[in-house]
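Here are my notes after a look through this one, as numbered points. Have the model open while you read.

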Amino acid sequence: MITIYHFPNTRGLRTIWACEELNIPYKIEIIDFSPEFRLSPQFLSISPIGKVPVLKDGEITMRESGAMVHYLIDKYGKGKLQPSKNDPLYAAYLEWSWFAEATFASSVSEIIRHKRAFPNAIHTPTIVEFKKRATICLEAVGGVLGKRKWLLGEMFSGADIMIGIALTSYIRHVEEPFPPSINDYFKRLTTRPAFLRTKQAES
Ligand SMILES: N[C@@H](CCC(=O)N[C@@H](CS)C(=O)NCC(=O)O)C(=O)O
C-alpha cells in the first residue's frame, strides 16, 4: 500500500490527486507540521530536509511532489494522464509539469517562506516582487490556455495536476483574483470528481 505523508493544503495534494485520478489505493499520514517535528530525527529519517510530501511505495521513498506524480503515472497509469513519449505533446507535458514547481510554485513559496521566517518584520517590497513574479507565471498559463480545456488541449494530464495545486497556492498566498481564462480552467480542475475526493481525503 502506498503511504503519503502529508499536511492539509500542501503539495501532497498533487500526489493524492494523482492516486485518485488513477484509482490507486493509498493511505495518508498527516504529520505534525511544526518545525520541531519536521526537523526531528524521526521525520528527517524519511525526509532529510524536513518537508512534505513523502511517498512510500514498498522499498521506494520519494520527496518531490512532481517526481511522485510522474512516477505514479509511469508505473500505474496504463497510458492515462500523459501523452506517449513520441507524441509532440510530451515535451509540453514535461515543460508545464516542471514549470509548475520550479518556476510558478517557487515564486509563491518565497512569499510563504518570507512571512514564516520574519513574521514581525515583513519586508513589503519582497512580497510585492514575488507576487509580481507569481502573477507573470499565472499569465503564462492563461496565455496558453486560450480556448483549450486543459494545458495539452483535450487531454487532462499530470501537468494539470501540477499547475492546479500551484494555483490553489496562488489563491491562498498571493490573494489576488484570477483572470477569467484561469478562473474557468480552475473551476474545471476543482470540480473534477478526483479532485473533490482528494480534498475529502485530506480533511
Ligand atoms: N519541491 C518540493 C517542495 C516541498 C515543500 O516545500 N513542501 C512544503 C509544504 S508544500 C514544506 O514542507 N514546507 C516546510 C518548510 O519549507 O519549512 C516538492 O514539490 O515536493
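1. Reading along the sequence, you get β-α-β-α-α-β-β-α-α-α-α-α-α. That makes nine helices and four strands in the chain. The radius of gyration is 17 Å, close to the 17 Å that the globule rule gives for 203 residues, so the chain is as compact as a globular protein of that length. Do keep in mind that this is a predicted model.

2. On overall dimensions, the C-alpha trace spans about 45 × 45 × 30 Å along its principal axes. Of the 203 residues, 49% are buried. If you take contacts between residues at least 6 apart in sequence, 65% of them join residues at least 24 apart.

3. Next, the surface and the charges. The chain has an accessible surface of about 10,500 Å², and carbon and sulfur atoms account for 57% of that. Positive side chains number 26 and negative ones 21, with the centres of the two sets 1 Å apart.

4. Start the local tour with Pro8, which sits in the loop between strand E1 (2-6) and H1. Its relative accessible area is 26%, so Pro8 is partly exposed, the category between 20% and 50%. Neighbours within four places in sequence aside, Pro8 touches Ile30 and Glu202. For the pair Pro8 and Ile30, the separation is 22 residues in sequence and 7.6 Å in space, C-alpha to C-alpha.

5. How many of the 11 residues of helix H1 (residues 12-22) are buried? The count is 11 of 11, so H1 is largely enclosed by the rest of the structure. Charged residues sit on that buried list too: Arg14, Glu20 and Glu21 are among its members, and so are Trp17 and Cys19. Right behind H1 comes Asn23, with a positive phi near 55°.

6. Have a look at the peptide bond from Val52 to Pro53: it is cis, with omega near 5°. Pro53 belongs to the loop between helix H3 (41-44) and strand E3 (54-57).

7. Lys78 deserves a glance for its backbone, since phi is near 45°, a positive value in a residue other than glycine. You will find Lys78 in the loop between helix H4 (65-76) and H5. Is its side of the story buried or exposed? Lys78 has a relative accessible area of 82%, and anything over 50% counts as exposed, so exposed is the answer.

8. Over in helix H5 (residues 89-117), the residue to click on is His114. With a relative accessible area of 11%, His114 falls under the 20% cut-off and is therefore buried. Which residues is His114 in contact with, leaving aside its neighbours within four places in sequence? They are Ala121, Ile122, His123, Thr126 and Ile127.

9. Helix H7 (residues 158-173) passes a simple length check. At 1.5 Å a residue, its 16 residues should span 22 Å, and the end C-alpha atoms are 23 Å apart, which agrees. H7 is also mostly covered, as 13 of its 16 residues are buried.

10. What follows H7 is worth a point of its own. Glu175 comes just after the helix, in the loop between H7 and H8. Although Glu175 is not a glycine, its phi is positive, about 60°. At 52% relative accessibility, Glu175 is over the 50% line and so counts as exposed.

11. Last stop: Glu176, in the loop between H7 and helix H8 (180-190). Glu176 has 40% relative accessibility, which lies between the 20% and 50% limits and so counts as partly exposed. If you want a distance to check on screen, try Glu176 to Ile60: 39 Å in space, C-alpha to C-alpha, with their positions 116 residues apart in sequence.

12. To pull the backbone items together for your second pass: Asn23 after H1 has a positive phi near 55°, Lys78 has one near 45°, and Glu175 has one of about 60°. Add the cis bond from Val52 to Pro53 to that list.

Notes: Residues numbered from 1 in each chain as written. Predicted model: local features only at pLDDT ≥ 70, side-chain atom pairs only at ≥ 80, totals over all residues. Heavy atoms only, no water. Helix = DSSP H or I, 4+ residues; strand = E, 2+ residues; numbered from the N terminus. Rg over C-alpha atoms; globule rule 2.2 N^0.38 Å. Buried < 20%, exposed > 50% of the residue type's maximum accessible area, 1.4 Å probe, protein only. Contact = heavy atoms within 4.5 Å. Areas by Shrake-Rupley, 256 points an atom, 1.4 Å probe, with all protein chains shown as cover. Lys, Arg positive; Asp, Glu negative; His and termini not counted. Charge placed at Lys NZ, Arg CZ, Asp CG, Glu CD. Expected span 1.5 Å × (residues − 1).
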